[in-house]
Amino acid sequence: MRTAVAAGLPDFPWDSLTAAKEKASAHPDGIVNLSVGTPVDPVAEVIRAALNSVADEPGYPTTVGTLALREAAVAALERRYSITGISTDAVLPAIGTKEMIAWLPTLLGLGADDLVVIPELAYPTYEVGALLARSRTIRADGLNRLGPERASLIFVNSPSNPTGKVLGVEHLRKVVEWARERDAIVVSDECYLGLTWDAEAVSVLDSRVCDGDHTNLLAVHSLSKTSNLASYRAGFVTGDASLVAELLEVRKHAGMMVPLPIQAAMTAALADDEHENIQRERYRARRTILKSAVEAAGFTVDHSEAGLYLWATRGEPCRDTVDWLAERGILAAPGEFYGPDGAHHVRIALTATDERIEAAAARLRG
């Protein structure tokens with residue numbers, strides 16, 4: 001029997017790709033799976049050494065995280081993204097940012113009377129988070145579409161998953177101003193902030209966006225993409241110190257603690273830019289190869305100026321495109337996974353080995 005919670009959730013989208021995956025797997029040279037953003041490259045030695053350094057620590061970790069981790073996060077945010085004015089009290093580690101995003105509406109006390117705004121094309125977990133809190137949702141990139149509706153929480157995602165679109169300073173400023181006029185919380189998913197190609201991506205906490213005032217602003221950061229730590233479940237939330245304190249209190253009661261070895265690994269990853277730079281250049285090279293091949297095959301690539309995906313279309317229903325690619329041994333995600341506006345696009349990930357990217361490119365070029 002399905003539980004009441006599960007009954008309100010959509011089916012897991014990737015479960016619907018079984019037939020396409022079987023078709024792609026039948027290719028003589030094997031499948032090139034570009035349907036998910038799962039890292040495939042090695043974890044840097046500096047991170048693995050940090051993980052091992054506390055492998056024999058038997059005690060419970062703290063929910064708030066070590067001071068060293070929070071200091072490393074503050075320093076990395078300023079060094080990498082020019083985000084200033086963050087205190088160590090305004091950083092809270094998470095068991096992966098998907099978990100944090102899914103539970104944020106609930107942790108912040110939202111319920112049936114609250115409205116959550118999500119992007120028109122969006123990572124499915126924003127909607128799932130609202131459903132878990134029993135809140136209503138609306139898809140709106142332009143907040144003027146809301147009319148008299150009063151939103152409690154607004155999710156933004158720049159660079160975007162799935163489109164790779166980057167929201168500029170002025171756009172983000174308007175979101176923040178609109179939210180502050182209505183006492184709404186803005187949650188910015190920034191896990192692709194360190195992976196930009198053709199545009200400058202900025203944080204919602206950037207002083208150009210918020211004038212140095214982090215009130216009612218939260219930014220969610222992940223180490224899955226930039227440091228290949230998806231299996232570690234390593235992320236954190238930062239921004240408004242009072243909101244972070246609220247999250248901390250609830251998470252302490254719920255036992256939401258990041259394991260200490262993971263905290264040590266995160267600290268090392270945040271303190272070391274070399275491995276991150278190497279990984280960025282790997283993705284840049286793969287993007288160059290794959291984008292050229294996709295366009296040579298007759299696709300149009302929209303947006304995609306940042307992040308780990310090509311948002312591509314052949315001007316046909318997305319499931320037809322998924323099948324066309326599967327016939328060539330390539331698996332991509334149909335754009336409808338991310339909202340109705342994605343009905344004619346597919347999301348093609350850059351997260352495959354150099355050899356598999358080259359194989360996909362060769363098949364696309366025919």
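Good morning. I begin with Pro 159, which lies in the loop between E5 and H7. The model before you is a predicted one, and in it a cis peptide bond joins Ser 158 to Pro 159, with omega at about -5°. As a reminder, most peptide bonds are trans, and most residues other than glycine have a negative phi.

That brings me to two further backbone features. Asp 183 has a phi near 60°, a positive value in a residue that is not glycine. Asp 183 sits in the loop between H7 and strand E6, residues 185-189. With a relative accessibility of 56%, Asp 183 counts as exposed, because the threshold for that class is over 50%. Asp 211 also has a positive phi, of about 60°, and is not a glycine either. Its place is the loop between helix H8, residues 207-210, and E7. Asp 211 is exposed, at 58% relative accessible area.

Asp 211 leads to the next residue, Arg 173, since the two are in contact. Arg 173 is found in helix H7. Is Arg 173 buried or exposed? Its relative accessible area is 18%, so Arg 173 is buried, the limit being under 20%. A polar atom of the Arg 173 side chain lies 2.9 Å from the backbone oxygen of Arg 208. Leaving aside residues up to four places away in sequence, Arg 173 touches Arg 208, Val 209 and Asp 211.

A second arginine deserves attention. Arg 356 belongs to helix H13, which spans residues 354-365. At 16% relative accessibility, Arg 356 counts as buried. Which groups does its side chain reach? One is the backbone oxygen of Ile 31, at 3.1 Å. Another is the side chain of Glu 355, with which the side chain of Arg 356 makes a polar contact at 2.8 Å. Beyond four places in sequence, the residues that Arg 356 touches are Asp 29, Gly 30, Ile 31, Val 32 and Arg 363.

Let me turn to the cysteines. How many disulfides does the structure hold? The count is zero. Cys 210 is in no disulfide, and the nearest cysteine sulfur, that of Cys 191, is 20 Å away. A disulfide is a covalent bond between the sulfur atoms of two cysteines. The cut-off applied here is 2.5 Å between the sulfur atoms, so Cys 210, at 20 Å from the nearest cysteine sulfur, does not qualify. Cys 210 is buried, with a relative accessible area of 2%. Cys 318 is buried as well, at 1% relative accessibility.

I now come to the empty space in the model. Rolling a probe the size of a water molecule over the atoms shows where such space is left.

The largest pocket holds about 910 Å³ of space. It is lined by 40 residues, and those closest to its centre are Phe 12, Trp 14, Lys 98, Tyr 123 and Thr 125. Two helices, H5 (97-107) and H6 (125-132), each supply at least two residues of this lining. By class, the lining of the largest pocket comprises 20 nonpolar, 10 polar and 10 charged residues.

The second largest pocket has about 360 Å³ of space. Its lining consists of 23 residues, with Pro 119, Glu 120, Asp 141, Lys 165 and Leu 167 nearest the centre. Strand E3 (115-118), strand E5 (153-157) and helix H7 (169-181) are the elements that give two or more residues to this lining. Which element gives the largest share? That is E5, with four residues. The lining of the second largest pocket divides into 12 nonpolar, six polar and five charged residues.

Finally, the enclosed space. The structure holds one cavity of 30 Å³ or more. The volume of the largest cavity is about 120 Å³. Sixteen residues line the largest cavity, and Arg 80, Tyr 81, His 221, Ser 222 and Leu 270 lie nearest its centre. Helix H4 (67-81) and strand E7 (217-222) each contribute at least two residues to that lining. The most come from H4, which gives four residues. In the lining of the largest cavity, eight residues are nonpolar, five polar and three charged.

To close, I would return to helix H7: it holds the buried Arg 173, and it gives two or more residues to the lining of the second largest pocket. Thank you for your attention.

Notes:
Residues numbered from 1 in each chain as written. Predicted model: local features only at pLDDT ≥ 70, side-chain atom pairs only at ≥ 80, totals over all residues. Heavy atoms only, no water. Buried < 20%, exposed > 50% of the residue type's maximum accessible area, 1.4 Å probe, protein only. 1 Å grid on protein atoms, 1.4 Å probe; cavity = no way out; pocket = protein on both sides within 12 Å on 5 of 7 lines; lining within 4 Å. Points joined across faces, edges and corners; volume = space filled by probe spheres on them. Nonpolar A, V, L, I, M, F, W, Y, C, P; charged D, E, K, R; others polar. Polar contact = N/O pair within 3.5 Å; in protein donor to acceptor, adjacent residues only side chain to side chain. Contact = heavy atoms within 4.5 Å.
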